[in-house]
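Biologist: I should be grateful for a close look at a single part of this model. Please begin from one residue and work outwards through its surroundings.

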Amino acid sequence: MTELPQRPAQRPARTHFSSGPCSKRPGWSLENLSNAFLGRSHRASDGKARLKQAIDLTRDILGIPDDYLCGIVPASDTGAFELAMWSMLGERGVTALAWESFGKGWVTDAQKQLKLNDVDVVEAAYGDLPDLSAIDFSRDILFTANGTTSGVRIPNYDWIPADREGLTFADSTSAAFAQPIEWPKVDVLTFSWQKVMGGEAAHGMLILSPRAVERLERYVPDRPIPKIFRLTKVGPTNASKVDHAIFQGATINTPSMLCVEDYLDTLQWGQEIGGLPALMARADAGAKAINDWVDATPWIANLANDPATRSNTSVCLKLVAPEVTQLSAADQATFCKALVKRLETEAVAYDIDAYRDAPPGLRIWTGATVDADDLTILTDWIDWAYQAQLADLASAA
Ligand SMILES: Cc1ncc(COP(=O)(O)O)c(C=O)c1O
């Protein structure tokens, strides 16, 4: 019988490392939401004021330009991104960049659901980013700012010309509040509340540049647009006009005011700790805690091949020791799942297995609500769990 390694002495103070819903902010408590505007209409003036406050705080923290619109829409990030796709695509060719599961999902939408007749797909395997230098910006471009399931992010916005004919659509759900956004380079940007800020799910944020608004008002796609996707109204001259009330807190349908209160709570926390620079620094520190350990550990590696593309929120790791890589893909997945389960059983880390469509491995959320010290302690536990798994493998052989 192989002897099990010693358990690490310290345990993470907070053990939530899921990539969505992500850890609540430090100091979060349900009691902080006791002023939620509950049991009343969200269209009452106080309800609308809370929704507007959530929009305004989002704008402040993210530094959204005054001439961009920012609104709360239904159905989380998927709702926000699909709303934009359904409402705006088709006027010109579309290029969809995809290097992991969520980007591939937008490809499926464009090709199989919207059935657009001119879709180019630029793909890369898990761990890589496609070539961003050869993109035709006379087309509309869809991309994922941070590929949550491969841990590969865009390194910057230099590859997007400020002066372009097409629109850029950025799914930024696991990037917003953790990575810089160059606003002149994006026309449509979406995210949800439960990621970097650790809010609650179900609501999406939709941010539109003046050119995106122009598109909405100029181009009426020949397809049904569900009510929850409808951003425009027909004006008195029969022209299509963006409904600006949506971007002032008059949501299309009913939001959860409890979730709104929770989002306000975390936005206020974000402001108190120093706003966007502090939130980004926390994500960077968390990712560094993991990456420093990875660099010093021969049996594990970052799934993102180019260090410039490594996510500072969804850090994805692969096991590279021969003991593991010699196993079949299915056995490698079983090994990783057992390792993750071991950490859950010890109550030291939850939900750190790789995404279901991604290569076997670990995925650890390091966004702003997670403490870097907890991530450092977590690495000791992963070391422990890995040695324990190897011991199990040896005794099973
Ligand atoms: C990059 C990306 N896009 C889209 C989604 C879907 O987000 P939601 O569940 O908020 O609709 C996720 C969820 O993890 C994601 O990481």
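In which segment does P21 lie?

Modeller: In this predicted model, P21 lies in the segment that comes before helix 1. The peptide bond that joins G20 to P21 is cis, with omega at about -10°. G20 also belongs to the residues around the ligand, together with S76, D77, T78, F102, T144, T148, D171, T173, S174 and S192. By class, this shell consists of eight polar residues, two charged residues and one nonpolar residue. Its largest share, three residues, is supplied by helix 2, which spans residues 76–88.

The approach to helix 2 has a feature of its own. A75 is placed in the loop between strand 1 (69–74) and helix 2, and its phi is near 70°, a positive value in a residue other than glycine.

Strand 1 leads to the sheet behind this region. It belongs to an open sheet of seven strands with mixed pairing, in the order 1-9-8-7-4-2-3. Strand 1 and strand 3 (119–123) are the edge strands; each has a single partner strand, so one side of each is left without a neighbour in the sheet. On average, and with direction ignored, neighbouring strands of this sheet are turned by 20° against each other. Helix 2 packs on the sheet and touches strand 1, strand 7 (168–171), strand 8 (188–192) and strand 9 (203–208), its direction making about 35° with that of strand 9. Within the sheet, strand 2 (residues 94–98) pairs with strand 4 (residues 140–144) in the parallel sense over three bridges. T95 has I141 of strand 4 as its bridge partner. Helix 3 (residues 101–113) lies across strand 2, strand 3, strand 4 and strand 7, and runs at about 155° to strand 2.

To return to the segment holding P21, the element that follows is helix 1. Helix 1 packs with helix 5 (residues 257–272) at an angle of about 35°, and the two axes are 10 Å apart. The crossing of helix 1 past helix 5 is left-handed. From helix 1 the contact draws on G47, R50, L51, Q53, A54, L57, T58 and I61, and from helix 5 on M257, V260, Y263, L264, L267, G270 and Q271. By class, nine residues of this contact are nonpolar, five are polar and one is charged.

Helix 1 also bears on the division of the chain, which is into domain 1 (30–270) and domain 2 (275–396). The C-alpha centres of these domains lie 29 Å apart. Across the boundary, 26 residues of domain 1 are in contact with 27 residues of domain 2. On the domain 1 side, helix 1 (45–62) and strand 6 (152–153) are the elements that give two or more residues to the part touching domain 2. By class, that side has twelve polar, ten nonpolar and four charged residues.

In summary, the view outwards from P21 starts at a cis bond to G20, a residue that is itself around the ligand, and continues to helix 1, which packs against helix 5 and contributes to the side of domain 1 that touches domain 2.

Technical notes
Residues are numbered from 1 along each chain as its sequence is written. This is a predicted model: local features need pLDDT of at least 70, side-chain atom pairs count only at pLDDT 80 or more; totals for chains, interfaces and linings use all residues. A residue is near a molecule or strand if its C-beta atom, placed from the backbone, lies within 6 Å of it. Helices (H or I, at least four residues) and strands (E, at least two) are DSSP runs, numbered from the N terminus. Ala, Val, Leu, Ile, Met, Phe, Trp, Tyr, Cys and Pro count as nonpolar, Asp, Glu, Lys and Arg as charged, and the others, Gly among them, as polar. Domain bounds come from an automatic or database domain assignment. Two residues are in contact if their C-beta atoms, placed from the backbone, lie within 7 Å. Axes are lines fitted to C-alpha atoms, for helices over the stretch in contact, and angles run from 0 to 180 degrees between N-to-C directions. A crossing is left-handed if the near helix is turned anticlockwise from the far one by less than a right angle, and right-handed if clockwise. Two strands pair if DSSP finds at least two bridges between them.
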